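This report describes selected features of one protein model, moving from single residues to helix packing and the nonpolar core.

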Amino acid sequence: MNQPRLSDHAYAAIVELIKSEDLEVGARLPSEARLAEMCGVSRAIVREALVRLGSDGITEVRRGAGSFVKGRPSERLAAFMPLAELPATLGSYEVRFVLETEAARLAAVRRTAEQMAVLEAALADLRAALLSSAPAHVEDRELHRAIADATGNLAFQQAFDALWPDVEKVMQAGVDISRSRSADVIAVMLHEHEVIVDSIRAQDPERAALAMRWHLGEGRRRLMP
């Protein structure tokens, strides 16, 4: 088994520990040595897993004090992905931050009138889906893919399509978790998409990039209770 897979194993095992021990936000995790023993891996693998967990907003390291729980993944995530898939699925956000932020920037500069019309239609479809009881992930995908298309660079579309298996799970879970909370959460999610499209419409690349990065960051955060 290679190191990335060992890291995935340690990542999932630490999340399972947080769940099984019902560790609250702010609770201290066992030491790296103890985690390594519990996971059956080296301390180096545990450190790699903790770095990734930190990037995903699940744990945080406090210098001189150890690692602590920062966020607990929603229990509803289990309906959309096995725990073992959580590292790869949440890891897709790291790629999306790079890929889709730049896609939004380029779309604002390069989009044609025809592509803008497609974006407007995709936003309208997403709005209708989010405000109903429909799953909405297909409409969400079409909007994000339309942004990739508006870059005029086929590589952005191909890269987004390659990520789709993981992105689909995240989009499905995000809407489901958000609907289990107050109506304001769905309204905020919709507003984030509206700001992205508005920025592309205004041909403001910096605002479009910032809006996309903010949306992705908030989307990842919504996967936590």
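## Structural report

Ala 10 is buried, at a relative accessible area of 0%; buried means under 20% relative accessible area, exposed over 50% and partly exposed in between, with a 1.4 Å probe and protein chains only. The model is a predicted one, in which local features need pLDDT of at least 70 and side-chain atom pairs count only at pLDDT 80 or more, while totals for chains, interfaces and linings use all residues. Residues are numbered from 1 along each chain as its sequence is written, and side-chain values use heavy atoms, with hydrogens and water left out.

**The first helices**

Ala 10 belongs to helix α1, residues 3-20. Helices (H or I, at least four residues) and strands (E, at least two) are DSSP runs, numbered from the N terminus. Beyond four places in sequence, Ala 10 touches Cys 39, Val 41, Ile 45 and Ala 49, where contact means heavy atoms within 4.5 Å. Ala 10 and Leu 35 are 25 residues apart along the chain, and their C-alpha atoms are separated by 8.4 Å.

Leu 35 also takes part in the packing of α2 on α3: Glu 32, Ala 33, Leu 35 and Ala 36 of α2 meet Arg 43, Val 46, Arg 47 and Leu 50 of α3. The residues of this contact comprise 5 nonpolar, no polar and 3 charged. In this classification Ala, Val, Leu, Ile, Met, Phe, Trp, Tyr, Cys and Pro count as nonpolar, Asp, Glu, Lys and Arg as charged, and the others, Gly among them, as polar. Helix α2 (residues 32-39) and helix α3 (residues 43-55) pack at an angle of about 100°, and their axes are 8 Å apart. The axes are lines fitted to C-alpha atoms, for helices over the stretch in contact, and angles run from 0 to 180 degrees between N-to-C directions. The two helices α2 and α3 are therefore roughly perpendicular, a term for angles of 65 to 115 degrees; under 35 degrees counts as roughly parallel, over 145 as roughly antiparallel and the rest as oblique.

**The hairpin**

Strands β1 (residues 59-62) and β2 (residues 66-69) run antiparallel and are joined by 4 bridges; two strands pair if DSSP finds at least two bridges between them. Thr 59 stands opposite Val 69 in β2. The hairpin of β1 and β2 has 3 residues between the strands, and Gly 64 takes a positive phi near 80° there.

**Positive phi outside glycine**

Most residues other than glycine have a negative phi. Asp 22 is not a glycine, yet its phi is positive, at about 50°. Asp 22 is placed in the loop between α1 and α2 and is partly exposed, with a relative accessible area of 46%. Gln 203, in the loop between α8 and α9, likewise has a positive phi, near 55°. Gln 203 is partly exposed, at 43% relative accessible area.

**Residues of the later helices**

The table gives the helix and accessibility of three residues.

| Residue | Helix | Relative accessibility |
|---|---|---|
| Glu 120 | α5 (residues 113-130) | 29%, partly exposed |
| Ile 196 | α8 (residues 183-201) | 1%, buried |
| Arg 220 | α9 (residues 205-221) | 15%, buried |

For these residues, the contacts below leave aside neighbours within four places in sequence. Glu 120 is in contact with Val 197 and Arg 201. Glu 120 and Val 197 lie 77 residues apart in sequence and 7.5 Å apart in space, C-alpha to C-alpha. Ile 196 is in contact with Ile 147, Ala 211, Met 212 and His 215. Between Ile 196 and Ala 108, 88 residues apart in sequence, the C-alpha to C-alpha distance is 9.3 Å. Arg 220 touches Ser 55, Asp 56, Tyr 93 and Phe 97.

**The nonpolar core**

In soluble globular proteins, nonpolar side chains tend to be buried together. The largest nonpolar core has 67 residues, and those with the most contacts inside it are Tyr 11, Ile 14, Ile 58, Leu 130, Ile 147, Ile 200 and Leu 223. Such a core is a set of buried Ala, Val, Leu, Ile, Met, Phe, Trp, Tyr and Cys residues joined through side-chain atoms within 4.5 Å. Apart from neighbours within four places in sequence, Leu 223 is in contact with Pro 73, Ser 74, Leu 77, Leu 90, Tyr 93, Val 170, Ala 173, Gly 174 and Ile 177.
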